[in-house]
Amino acid sequence: MGHFDLPLDQLRAYRPAISEPDDFDAFWQKTLTETRAHDPAVTFAPYETPLTGVRTWDVTFAGFGGHPVKGWFTAPADATGPLPLVVQYHGYGGGRGLPHTWGLWPLAGYAHFVMDVRGQGSGGDLGHTPDPVGSGPSSPGFMTRGVEDPETYFYRRVHADAVRGLEAARTHELADPARTVVLGGSQGGGISLAVGALVPGLAATCVDVPFLCHFERALSIAETGPFPELVRYLRMHRGAEENVLRTLSYFDGAAFAARATAPALFSVALMDTTCPPSTVFAAYNAYAGTDKRIEIYPYNTHEGGGVHQEAVQLDWVRKMLSTT
């Protein structure tokens with residue numbers, strides 16, 4: 001394994017033209033308006049775990065189409081007042097898992113919410129949220145579900161769920177909506193970029209080795225992970241490229257980044273063949289917020305900074321919130 005993408009000096013300056021439809025903003029405004037037309041139906045059911053340092057709630061809320069979506073809300077056991085809220089989105093194929101695995105942020109003094117990505121949760125952590133929406137022919141995984149029309153694409157539902165989940169978490173009595181941080185890695189990083197663009201007034205966002213960015217380049221150089229699902233689809237569905245690329249243009253993390261303004265901490269791994277460095281830098285360099293920083297891991301693949309990056313995040317988020 002070696003450095004296969006652009007040299008670092010070129011990555012730092014990499015600002016590709018990102019295909020963006022004229023109705024990008026109108027599409028997402030319409031999507032969220034339709035989603036918010038449903039009663040949020042938020043419930044926080046206390047959930048017992050062996051952990052004595054945190055309290056946990058089993059969360060259900062209405063996402064896209066009014067469909068029920070699950071999550072975990074956790075907070076320090078002795079918390080009595082509103083706390084900064086960390087909203088986290090997980091990686092591709094995983095789920096919210098079991099609540100004892102999400103102790104980092106509540107043990108650091110934060111309220112924490114992690115959302116199930118609908119239909120996932122059978123690879124990595126366990127999920128509990130089905131996706132009741134069908135799709136046409138697709139390759140294994142989620143990248144090609146409904147991919148020839150932005151109205152039916154899988155990530156339209158996911159991003160709408162993500163906004164709705166953040167709104168649900170903010171209603172908990174221990175959450176301070178004015179101090180909301182969103183974060184995630186890989187798929188979760190791509191979702192965080194979307195939420196950062198669609199939800200104003202966030203205190204900060206952390207985006208690790210983000211997926212769903214700069215699709216056109218990713219399709220040509222990503223060797224591992226979910227991007228090749230799209231390549232396999234196009235290999236079989238000859239002539240579908242125009243429709244597929246048009247759909248993906250509504251979901252490109254670089255387009256969302258150009259609309260996000262909260263302070264942002266990114267990370268990238270220079271040997272990452274799943275989310276290639278140039279796709280990450282395309283989003284980072286397009287990011288509209290002026291208070292941004294990127295941690296670079298030269299010898300890592302898609303695991304990125306791992307627990308070392310978590311330590312960086314803990315310190316950085318604390319500093320960001322101290323200024324709000």
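**Overall fold and the packing of helix 8**

For a chain of 324 residues, a compact globule would have a radius of gyration near 20 Å, and the value computed here, 19 Å, agrees with this. The model is a predicted one. Along its principal axes, the C-alpha trace extends over about 55 × 40 × 35 Å. Eleven helices and nine strands constitute the secondary structure of the chain.

Of the 324 residues, 57% are buried. The accessible surface of the chain amounts to about 13000 Å², and carbon and sulfur atoms account for 53% of this area. When contacts between residues at least 6 apart in sequence are considered, 73% of them join residues at least 24 apart. The chain carries 24 positive and 34 negative charges, and the mean positions of the two sets lie 1 Å apart.

Helix 8, which comprises residues 241-248, was examined individually. Val244, Thr247 and Leu248 are buried in this helix. These residues lie on the same side of helix 8, because the arc that they cover around the axis is only 95°. In general, an α-helix has 3.6 residues a turn, so residues three or four places apart point the same way. The packing partners of the buried residues of helix 8 are helix 6 (215-221) and helix 7 (227-236).

Methods:
Residues numbered from 1 in each chain as written. Predicted model: local features only at pLDDT ≥ 70, side-chain atom pairs only at ≥ 80, totals over all residues. Heavy atoms only, no water. Helix = DSSP H or I, 4+ residues; strand = E, 2+ residues; numbered from the N terminus. Rg over C-alpha atoms; globule rule 2.2 N^0.38 Å. Buried < 20%, exposed > 50% of the residue type's maximum accessible area, 1.4 Å probe, protein only. Contact = heavy atoms within 4.5 Å. Areas by Shrake-Rupley, 256 points an atom, 1.4 Å probe, with all protein chains shown as cover. Lys, Arg positive; Asp, Glu negative; His and termini not counted. Charge placed at Lys NZ, Arg CZ, Asp CG, Glu CD. Arc of directions from axis to C-beta.
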